[in-house]
Amino acid sequence: ASNTGTSPITSNIVISPKYSYGGITCLGPSNSYTITINPKAIINPISNQIVCNGGMTTPILFTSPTTGGSIEYLWENVYNTPVGLSQQGVGPIQSFVATNTGTTPLVATIKAWPRYNSGGINCTGDTLIFTITVNPTPIVNPIANLQFCNGARTSPILFSSPNSGGLITYRWTNSNALIGLASNGNGNIPSFTASNSSAVPISGTIRVIPYFKFGSDSCQGTPRDFTITVLPSPQANFRVTPDSGCVPMVVTFSNLSQYADQYTWYENGQIIWGPGITVPPPRILTSAGTTYTYTLVADNIQGGCGPSTFTYTVRTLPTPRAQFVLNSNPSDTVYACRQLTAQVGNSSFLNTPGNYLGLTYQWYLNNALQPTNLSNPTFNLVNSSFTSDSLIIIKLVVSSASGCIDSVKKWVRLYPQPYA
């Protein structure tokens, strides 16, 4: 049977019997029959759909040019692809929430076919294939917060994504154009000169929105934020305490620098502490009457700017050197019997031998302060014992006008006077 149309076709058949014998023909009563041929049902073409993850599909309403009977439509999600659609059904495909938890487009192949009924006869039509593609949610990989120094030239900021199988693009905004970056743009962020004319750090929040396009549909992803901080130029600053005094003088350092992350310290032009030392340990200064010049070079390596230099001067005061002899004897201990007239030969000096200007003297005998401040006094020493030695300590304390002191001791041992 053949029917190339879109509706049933019917043919009426009349059958008349005829009998012949001996030259005689006899006609019998006629009978009529009807033959109906149903058409092959057809589904009108269905457009493929492309939607974003989380979007609503367009309802799919099947239609046919076939008439003269009833048509139902059966469909199947061929590979049971998890796009949010059940595996099979009858009738139209209602709108549903499309899902795709991956990073590439997810394609569901739908097979649909009509079933035509007329006169109690079911006829199955040809299969129609179409697809529903669900694009993934676009993702931009995390971007670390960035820090630059005022005036530094940045490298381009390149965005990336785990998505594939389509075209991914980016749009971005910047909350603070004072950092030297435009307020918005498309694609990667080009190199720019970081700017900060203030005395404090400033920041801009960069929001990046990814877009994924496959076919006709462009899908917007979740925004990703990061910050760009622009520091002021590094400001080297420090203090040394005390900044003057007598030797030996112990000095300590206080680093007051800002916006720096690497420091190099110099003493009189020579490096004494290299990078990595933020606050140096205390330092002992032993050279009297000397100017020490300390210099700090501060950089910001992370931000790419600097250096900044700061210099601080410390001076040790002229320091006296106490020294004397007794009766021209350079020994530390002088020996005598019973009594001794000790004539002091004082050669103390201030910084340089022969310079004694501004020095004052205090003399002690066995820790008792003597009523003299002469530079070269005479002491009459007596051992009043007849049986034991007498040890006398002579101590000189020399002071400078600036308050620096030094001291030295000599010993006199007096033997008792013997009796015959």
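## The hairpin of E30 and E31

In this predicted model, strands E30 (360-365) and E31 (residues 368-369) form a hairpin with 2 residues between the strands. Asparagine 366 takes a positive phi near 45 degrees here. Strands (E, at least two residues) are DSSP runs, numbered from the N terminus.

E30 and E31 run antiparallel and are joined by 2 bridges; two strands pair if DSSP finds at least two bridges between them. Tyrosine 364 stands opposite leucine 369 in E31. E30 also runs antiparallel to E33, with 6 bridges, and there tryptophan 363 faces leucine 396.

## The largest nonpolar core

Trp363 belongs to the largest nonpolar core, which has 21 residues. Such a core is a set of buried Ala, Val, Leu, Ile, Met, Phe, Trp, Tyr and Cys residues joined through side-chain atoms within 4.5 Å. Buried means under 20% relative accessible area, exposed over 50%, and partly exposed in between (1.4 Å probe, protein chains only).

Strand E33 gives the most to this core, 4 residues. Leu326, another member, touches residues including Val334, Ile394 and Val412, leaving aside those up to four places away in sequence (contact means heavy atoms within 4.5 Å).

## Isoleucine 13

Is isoleucine 13, found in strand E1, buried or partly exposed? Isoleucine 13 is partly exposed, because its relative accessible area is 33%.

## How to read the values

Residues are numbered from 1 along each chain as its sequence is written, and side-chain values use heavy atoms, leaving out hydrogens and water. Local features need pLDDT of at least 70 and side-chain atom pairs count only at pLDDT 80 or more, while totals for chains, interfaces and linings use all residues.
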